[in-house]
Amino acid sequence: MPEKAKFYHALQAHVAQCDLCHHFCKIRDGRYGFCRTRVNRGGKLFTLNYGHPAAIGTDPVEKKPLYHFLPGSLTFSLGTYGCNFRCDNCQNWEISQKSGHDRQPPFRTAVSVVQAALARGCPSISFTYNEPTIFAEYALDIMKPARSAGLKNIWVSNGYMSDYCLDTVAPLLDAVNIDLKSMDDAFYRRTCSALQRPVLQNLKRLARSDIHLEITTLLLPGLSDSPEMLRRLADFIAVELGPETPWHLSSFVPWISWKSHDIPATTAEGTETAHAIGKKAGLAYVYDQHHHTSTLCPKCGTTIVERHRYTTIRHDKAGSCPGCGYPIVTQR
Ligand code: SF4
Ligand code: SF4
């Protein structure tokens with residue numbers, strides 16, 4: 001049975017407006033929202049993915065990626081069907097671009113998710129794989145008992161949530177990784193079917209909050225890897241979010257993407273260029289998946305957290321550099 005949605009208001013003639021993300025879909029009776037997970041039945045909005053995680057796993061927190069939040073720990077991870085973006089390059093398209101109407105995964109109560117995380121020894125739960133905004137009611141019902149049980153809550157998100165959604169979720173949120181896909185609105189419109197401005201606004205809000213923030217940019221050759229655009233993006237992070245905001249450069253793999261099979265894979269040279277741009281912009285922590293994986297102290301250069309793929313060796317002292325005491329890791 002679909003669960004009644006919380007984030008919407010009624011308009012005229014059985015039309016409901018969803019207030020979860022910046023699409024603000026106006027949904028007529030019997031129709032679905034853009035993310036395919038919200039349906040209007042008789043003027044009321046229902047969520048179809050409440051309690052039905054389509055993917056569950058236990059991942060290193062570095063895989064989210066979060067490098068400065070509980071490094072070396074496991075995070076219990078889940079996502080549902082659907083997404084409010086339609087990124088041609090999506091690598092999780094098998095769940096993000098499906099609705100799950102035909103093949104609804106088994107129901108899992110929020111409390112059973114928290115119990116599973118505790119049983120697997122995870123200090124955190126990550127809402128990931130697809131966009132958590134579109135299953136916010138379920139996420140919130142998990143985040144409350146998770147917080148009570150001493151677990152941290154992580155969202156891996158495209159940053160397109162409405163103010164209403166972010167206001168509601170923020171008090172329970174400990175860390176986020178937000179995709180900043182490009183500085184060009186045209187890229188967001190063309191590749192993701194979304195607008196860029198709400199993402200920038202939410203990033204600024206998150207940077208001002210006490211929620212731990214890291215950023216990811218996928219380097220799509222020819223689309224989101226021009227040095228000029230990356231310079232603007234790195235400057236935005238440095239100036240608006242803070243130079244100590246970690247920036248992750250992610251490599252594109254065409255053969256697992258949804259539609260972008262004609263775009264070549266990201267090259268080592270392209271990644272190195274982007275890394276140099278980030279450092280030149282003054283960013284303290286710029287990572288990629290190959291060469292720049294360890295955390296060095298920005299003050300004295302000591303290696304604080306060593307990473308070899310998902311193996312993590314911590315040399316920090318309670319989150320600080322053992323050489324000079326500079327604070328590096330969020331311990332909360
Ligand atoms: S979550 Fe976003 S895309 Fe989905 S129905 Fe609501 S406003 Fe539309
Ligand atoms: S890349 Fe992320 S935001 Fe884009 S469709 Fe896939 S899950 Fe959604």
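Where along the chain does cysteine 165 lie? Look in helix H4, which covers residues 163-169, and you'll find cysteine 165 there. Before we go on, keep in mind that this is a predicted model.

Let's stay with cysteine 165 for a moment. Is cysteine 165 buried or exposed? Its relative accessibility is 0%, so cysteine 165 counts as buried. Leaving aside residues up to four places away in sequence, cysteine 165 touches Phe7, Leu20, Thr133, Ala136 and Trp155. Now jump along the chain to cysteine 321: 156 residues separate it from cysteine 165 in sequence, and the two C-alpha atoms are 36 Å apart in space.

One of those contacts, Leu20, leads us to the first ligand. Leu20 is also among the residues around ligand 1. The others there are Cys18, Cys21, His23, Phe24, Cys25, Gly33, Phe34, Cys35, Arg38, Asn84 and Ile134. Sort this shell by class and you get eight nonpolar, three polar and one charged residues. And what kind of space does ligand 1 take? The answer is the largest cavity.

Next, ligand 2. Ligand 2 sits in the largest pocket. Around ligand 2 you'll see Cys83, Phe85, Cys87, Cys90, Ser96, Gln97, Asn158 and Lys181. By class, that makes four nonpolar, three polar and one charged residues.

Now let's take a helix and look at its two sides. Helix H5 runs over residues 185-192, and in it Phe187, Tyr188, Thr191 and Cys192 are buried. Looking down the axis of H5, these buried residues fall within an arc of 100°, so they line one face of the helix. Arg189 and Arg190 are on the other side of H5, and they are exposed. What covers the buried residues of H5? The cover includes strand S11 (175-179) and helix H6 (197-208). Just after H5 comes serine 193, with a positive phi of about 60°.

That last angle deserves a short detour into the backbone. Most residues other than glycine have a negative phi, and most peptide bonds are trans. So where can you spot some exceptions in this model? Besides serine 193, with its positive phi, try tyrosine 129, which has a phi near 75° even though it isn't glycine. Tyrosine 129 is in the loop between strand S9 (124-127) and helix H3 (136-148). With 21% relative accessibility, tyrosine 129 counts as partly exposed, because the cut-off for buried is under 20%.

Arginine 309 is another one: it is not a glycine, yet its phi is positive, at about 50°. You'll find arginine 309 in the loop that links strand S16 (303-308) to strand S17 (311-314). Arginine 309 has a relative accessible area of 70%, so it counts as exposed.

For the peptide bonds, go to lysine 64 and proline 65. The bond joining lysine 64 and proline 65 is cis, with omega about -10°. Proline 65 belongs to the loop between strand S7 (55-60) and strand S8 (74-79).

Proline 65 also gives us a way to tryptophan 247. How many residues apart along the chain are tryptophan 247 and proline 65? They are 182 residues apart, while their C-alpha atoms are separated by 9.7 Å. Tryptophan 247 is in strand S13, residues 247-251. Its relative accessible area is 0%, so tryptophan 247 is buried. Setting aside residues up to four places away in sequence, the residues that tryptophan 247 touches include Ile215, Thr217, Leu230, Leu233, Ala234 and Ile237. Further along the chain, tryptophan 247 also touches Ala274, Gly278, Leu283, Tyr285, Val286 and Tyr287.

Our last stop is lysine 317, in the segment after S17. Is lysine 317 buried or exposed? With a relative accessible area of 57%, lysine 317 is exposed. Between lysine 317 and isoleucine 328 there is a separation of 11 residues along the chain, and their C-alpha atoms are separated by 9.6 Å.

Note on methods. Residues numbered from 1 in each chain as written. Chains lettered and ligands numbered in written order. Predicted model: local features only at pLDDT ≥ 70, side-chain atom pairs only at ≥ 80, totals over all residues. Heavy atoms only, no water. Near = heavy atom within 4 Å. 1 Å grid on protein atoms, 1.4 Å probe; cavity = no way out; pocket = protein on both sides within 12 Å on 5 of 7 lines; lining within 4 Å. Sits in = over half its atoms within 2 Å of the grid points. Nonpolar A, V, L, I, M, F, W, Y, C, P; charged D, E, K, R; others polar. Helix = DSSP H or I, 4+ residues; strand = E, 2+ residues; numbered from the N terminus. Buried < 20%, exposed > 50% of the residue type's maximum accessible area, 1.4 Å probe, protein only. Arc of directions from axis to C-beta. Contact = heavy atoms within 4.5 Å.
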